Amino acid sequence: MQYWTYIDLDDSLHRFHAIDGSAVILNVHTGHILAMVSVPSCNPNRLSACTNPADLVDNAVHQAFEPGSVMKPFVVAAALASHSVAPSARFNVFHPLVVDGYRITDDVRHHVLSIKKILKYSSCIGASKIALRTPRKTIYDLYRAVGFGRLPPLGLPGETAGILPHWQHWSQARHATIALGYGVSVTTLQLVDAYAAIANGGDYVRPELLKAERPWQRRVMPRWVADTLRHWLQSV
């Protein structure tokens with residue numbers, strides 16, 4: 001798995017003319033990391049060929065980035081779990097949303113969308129409206145529960161917790177746009193681990209490099225929320 005993940009990621013790096021990239025394959029039920037790849041890289045068996053320090057960096061845990069729309073399912077999870085928004089709710093997303101002078105728009109104009117279609121079409125207006133109906137602390141607590149803003153437990157050199165501002169410091173605009181992945185930063189491992197909680201029926205499982213006898217896990221969202229999200233995300 002490690003070998004083929006590296007081959008595919010390296011191929012994608014050249015195909016899309018990217019500077020670097022990372023990928024993680026995780027068993028969502030146990031938290032076992034099956035592959036963790038960072039490119040560009042070099043052969044550690046021939047360290048003399050590793051002349052670029054960047055080749056020795058594990059981007060999957062070292063490099064934090066602004067994630068964008070992949071954060072939308074987590075604000076939906078917070079909204080559903082807190083009953084701030086009903087699963088059957090629908091939102092008018094036809095007009096741009098202006099919050100504290102910040103204009104939020106969609107690439108494609110729609111009229112009224114269900115939550116499922118807000119995720120399917122990645123509606124920024126819809127996701128922001130869901131966020132604004134959900135208490136700041138509720139969103140923050142869910143983000144923290146699935147691993148954002150926290151150091152991973154692997155003990156690897158250069159690990160970063162990313163950035164997740166405390167909810168008490170959110171402006172109205174931050175409240176709306178945190179659902180869009182703005183103003184936060186995450187690593188590839190954090191993102192994979194957070195999505196694993198949705199795939200695992202709402203149980204967050206701590207990522208592990210070494211096989212543990214029993215996985216360490218805790219419930220971070222109701223099972224019905226995770227099951228609903230998993231169903232909706234199949235349409236994306």
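Which element gives the largest share of the lining of the largest pocket? Strand β2 does, with three residues. This is a predicted model. The briefing covers its largest pocket, its nonpolar cores, helix α6, two buried threonines and its salt bridges.

**Largest pocket**

- The volume of the largest pocket is about 360 Å³.
- Its lining is made up of 13 residues.
- Gln2, Met36, Ser38, Ser41 and Asp55 are the lining residues that lie nearest the pocket centre.
- Two elements, α1 (2-15) and β2 (33-39), give two or more residues to the lining.
- By class, the lining holds eight nonpolar, three polar and two charged residues.

**Nonpolar cores**

- The largest nonpolar core has 50 residues.
- Within this core, Tyr143 and Phe148 touch the most other members.
- Elements giving two or more residues to the core are the helices α3 (72-81), α4 (115-120), α5 (124-133), α6 (136-145), α8 (188-199) and α9 (223-233), together with strand β4 (97-99).
- Helix α3 supplies the largest share, seven residues.
- A second core of nine residues is separate from this one, and Val24, Ile33, Met36 and Ala196 are among its members.
- Met36 of that second core is also one of the residues lying nearest the centre of the largest pocket.
- In soluble globular proteins, nonpolar side chains tend to be buried together.

**Helix α6 and Tyr143**

- Helix α6 buries Ile139, Tyr140, Leu142, Tyr143 and Ala145.
- The cover over these buried residues includes helices α3, α5 and α7, plus strands β7 (203-205) and β8 (217-219).
- Beyond its neighbours within four places in sequence, Tyr143 is in contact with Met71, Phe74, Val75, Phe148, Leu164, Ile178 and Ala179.
- Phe148, one of those contacts, shares with Tyr143 the role of touching the most other members of the largest core.
- Gly147 comes just after α6 and takes a positive phi of about 115°.

**Strand β2 and helix α1: Ala35 and Thr5**

- Ala35 sits in strand β2.
- Is Ala35 buried or exposed? With a relative accessible area of 1%, Ala35 is buried, since the cut-off for buried is under 20%.
- Setting aside neighbours within four places in sequence, Ala35 is in contact with Met1, Gln2, Thr5, Ala23, Val24 and Ile25.
- One of these partners, Gln2, is also among the residues nearest the pocket centre.
- Another partner, Val24, belongs to the second core.
- Ala35 and Leu180 are 145 residues apart in sequence, and their C-alpha atoms are 28 Å apart in space.
- Thr5 is placed in helix α1.
- Thr5 counts as buried because its relative accessibility is 12%.
- Outside its neighbours within four places in sequence, Thr5 is in contact with Ala23, Ile25, Ala35 and Val37.
- Ala23 and Ile25 appear among the contacts of Thr5 and among those of Ala35.

**Helix α7: Thr177**

- Thr177 belongs to helix α7 (residues 172-177).
- Relative accessibility of 8% makes Thr177 count as buried.
- Apart from neighbours within four places in sequence, Thr177 is in contact with Tyr102, Ile104 and Tyr182.
- Helix α7 is also part of what covers the buried residues of α6.

**Salt bridges**

- How many salt bridges does the structure hold? There are five, and three are described here.
- Asp11 and Arg15 join their side chains in a salt bridge at 3.4 Å, N to O.
- Asp11 and Arg15 are four residues apart in helix α1, so about one helical turn separates them.
- Asp11 counts as partly exposed, at 43% relative accessibility.
- Asp227 and Arg230 form a salt bridge, with their closest N and O atoms 2.9 Å apart.
- This pair lies in helix α9, where Asp227 and Arg230 are three residues apart, about one turn of the helix.
- An α-helix has 3.6 residues a turn, so residues three or four places apart point the same way.
- Asp227 is partly exposed at 29% relative accessibility, and Arg230 is partly exposed at 32% relative accessible area.
- Glu208 pairs with Arg206 in a salt bridge, the closest N and O atoms being 3.2 Å apart.
- Which partner is buried and which is partly exposed? Glu208 counts as buried at 18% relative accessibility, whereas Arg206 is partly exposed with a relative accessible area of 29%.

How values were computed
Residues numbered from 1 in each chain as written. Predicted model: local features only at pLDDT ≥ 70, side-chain atom pairs only at ≥ 80, totals over all residues. Heavy atoms only, no water. Core = buried A, V, L, I, M, F, W, Y, C linked by side-chain atoms within 4.5 Å. Buried < 20%, exposed > 50% of the residue type's maximum accessible area, 1.4 Å probe, protein only. Contact = heavy atoms within 4.5 Å. 1 Å grid on protein atoms, 1.4 Å probe; cavity = no way out; pocket = protein on both sides within 12 Å on 5 of 7 lines; lining within 4 Å. Points joined across faces, edges and corners; volume = space filled by probe spheres on them. Nonpolar A, V, L, I, M, F, W, Y, C, P; charged D, E, K, R; others polar. Salt bridge = Lys/Arg side-chain N within 4 Å of Asp/Glu carboxyl O.
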